[in-house]
Amino acid sequence: MSAPDHMASWVAVALVVLATVLVGGFGLRISRTTSDFYVASRTVRPRLNAAAISGEYLSAASFLGVAGLVLVHGPDMLWYPVGYTAGYLVLLVFVAAPLRRSGAYTLPDFAEGRLESRQVRRLVSALVVGAGWLYLVPQLQGAGLTLKILTGAPGWLGDVLVATVVTAAVAAGGMRSITFVQVFQYWLKLTALLVPALFLVLAWQGDGRPRVSFDDQLAVFRADHPLYATYGLIVATFLGTMGLPHVVVRFYTSPNGRDARRTTVAVLALVGLFYLLPPIYGALGRLYTPELRYGGDADAAVLLLPARVIGGLGGDFLGALIAGGAFAAFLSTASGLTMAVAGVITQDVLPSRGVRHFRLATVLAIAVPLAGSLLVSRVPVADAVGMAFAVSASSFCPLLVLGIWWRRLTPPGAVAGLLLGGGSALLAVAITVSGAVRPPGWPHALLAWPAVWSVPVGFLAMILVSLATPGRIPPGTNAAMTRFHLPEALSSARAAVGRER
């Protein structure tokens, strides 16, 4: 069977990197203030913002990982794209508009503004950085895998290349710059999967439409307690989206709460459209790249299919298009995560909050996950991202939902929930990645998919400790709740009346 043409893939990756730098440079030209760097001066309209959110959200797990999991484990893995998409429905109903009305720059800003506690802010900052780094590692490793498969380059080169380009793009223009980059990369990723998929399906039909069988699907690490693993995945993806730092920060760029809701609806459509495509690659991978099921490289199915199914110059061209799209996936998601983590480091770690310190924070934000991606053995990208979702669902989801909708939340309650929910999920993920507990058995299942128990722990801890400390309800709670739930025009009018009195 033929292999991808290295030169065509190199050209595609180089063009994506060049386009990223040029589009980012356009954003740099109109980035003038600190607000431009953090939240694009809160002027990003719904359609543009939705494409940018979709661009950064559709990561290596979406572009490569979903197809790989369908290839190995069969249709049960379609819960991944369903969960990734449905998470935005939960975000739309409970969080989008109030979060924008909070007026914060980052998730720690929201936590401090709602609970009036520096202790809560510091804890949220630590969890944001931890979740961001956990999510960044598979993006960098996915880039290394892509370059290795398509060009024969050393595995570490893709990691370093993505880290370098992302650092340059984010440090140069901040949020204003990467907004345009991520919009471009969403449409590139959609095209890079859609066009080859059409030709692959036509080739499959030309082969007589051979049947794709999932009767002998492997169970591997899901052999024990598959139902529990499925529920763990559903809970993590449904509830984890609202707390992902790179997703949350984009809602602060909307002009108002109404636009934040409209942005979320548009994201549902764009993300849903994209997720129709990876299962096609997973199913065709069963037929044309069956050896990937046993070698641990199932994520490479998307990259190899054009050369295997079509071959020749057409296969090389389509393979190069997929290579460019895959690299865009790594760059866009890594840019958003680096932006979110750098914002937190700038505000809560470094001594000053200026643009110069933001650029230093950008280097720090990418350096740690780069080291992790080079040192830690590779986990399938969709599973690694699923772990990050579990940490987010167990910590930020309770904080946002209760902080927005429950007046009686107190700082001690928030700390307890973050530590017990988010902390336990983060510890479970660390043990799983380290390989200290291996399948089969309940201990591995509980640690690999912790959201089933860690999310209820987070909610219960926040509620019970808050009820036990009623005297610690922040004095500004009523004002904060009014700001979250009243439309901006009414909130401003109410504030004006209060000043006149």
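**A tour of salt bridges and one buried serine**

Select E112 to get going: its relative accessibility is 24%, so it counts as partly exposed. Before you click any further, keep in mind that what you have open is a predicted model.

**Stop 1: E112 and R118**

Now add R118 to your selection and show both side chains. What do the side chains of E112 and R118 form where they meet? They form a salt bridge, with 3.4 Å from N to O. R118 is partly exposed too, at 40% relative accessibility. This pair isn't a one-off: searching the whole structure turns up five salt bridges. Let's visit a couple of others.

**Stop 2: R262 and D259**

Jump to helix α12, which covers residues 257–274, and pick out R262 and D259. Their side chains make a salt bridge, again listed as 3.4 Å from N to O. How far apart are R262 and D259 along the helix? They sit three residues apart, so about one helical turn separates them.

Try colouring these two by accessibility. Is D259 buried or exposed? D259 is buried, since its relative accessible area is 3% and the cut-off for buried is under 20%. R262, on the other hand, has a relative accessible area of 44%, which makes it partly exposed.

**Stop 3: E291 and R308**

Next, select E291 and R308. This is another salt bridge, and the closest N and O atoms are 2.8 Å apart. Trace the chain and you'll find E291 in the loop between α13 (278–288) and α14 (292–295), while R308 belongs to helix α15 (residues 301–309), so the pair ties together parts that lie 17 residues apart in sequence. Both ends are partly exposed: E291 has 37% relative accessibility, and R308 has 23%.

While we're on salt bridges, go back to E112 and R118 and add D109 and R121. Which residues end up in one network? D109, E112, R118 and R121 do, joined by salt bridges that share partners.

**Stop 4: S54**

For the last stop, leave the charged pairs and head for helix α3 (residues 46–57), where you'll find S54. Switch on a surface and look for S54: with a relative accessibility of 0%, it counts as buried.

So what does S54 touch, leaving out residues up to four places away in sequence? Select Y186, K189, V267, L270 and V271, and you have its contacts. One last thing to spot: V267, L270 and V271 from that list fall within the residue range of helix α12, 257–274, back from Stop 2.

Notes
Residues are numbered from 1 along each chain as its sequence is written. This is a predicted model: local features need pLDDT of at least 70, side-chain atom pairs count only at pLDDT 80 or more; totals for chains, interfaces and linings use all residues. Side-chain values use heavy atoms; hydrogens and water are left out. A salt bridge is a side-chain nitrogen of Lys or Arg within 4 Å of a carboxyl oxygen of Asp or Glu. Buried means under 20% relative accessible area, exposed over 50%, partly exposed in between (1.4 Å probe, protein chains only). Helices (H or I, at least four residues) and strands (E, at least two) are DSSP runs, numbered from the N terminus. Contact means heavy atoms within 4.5 Å.
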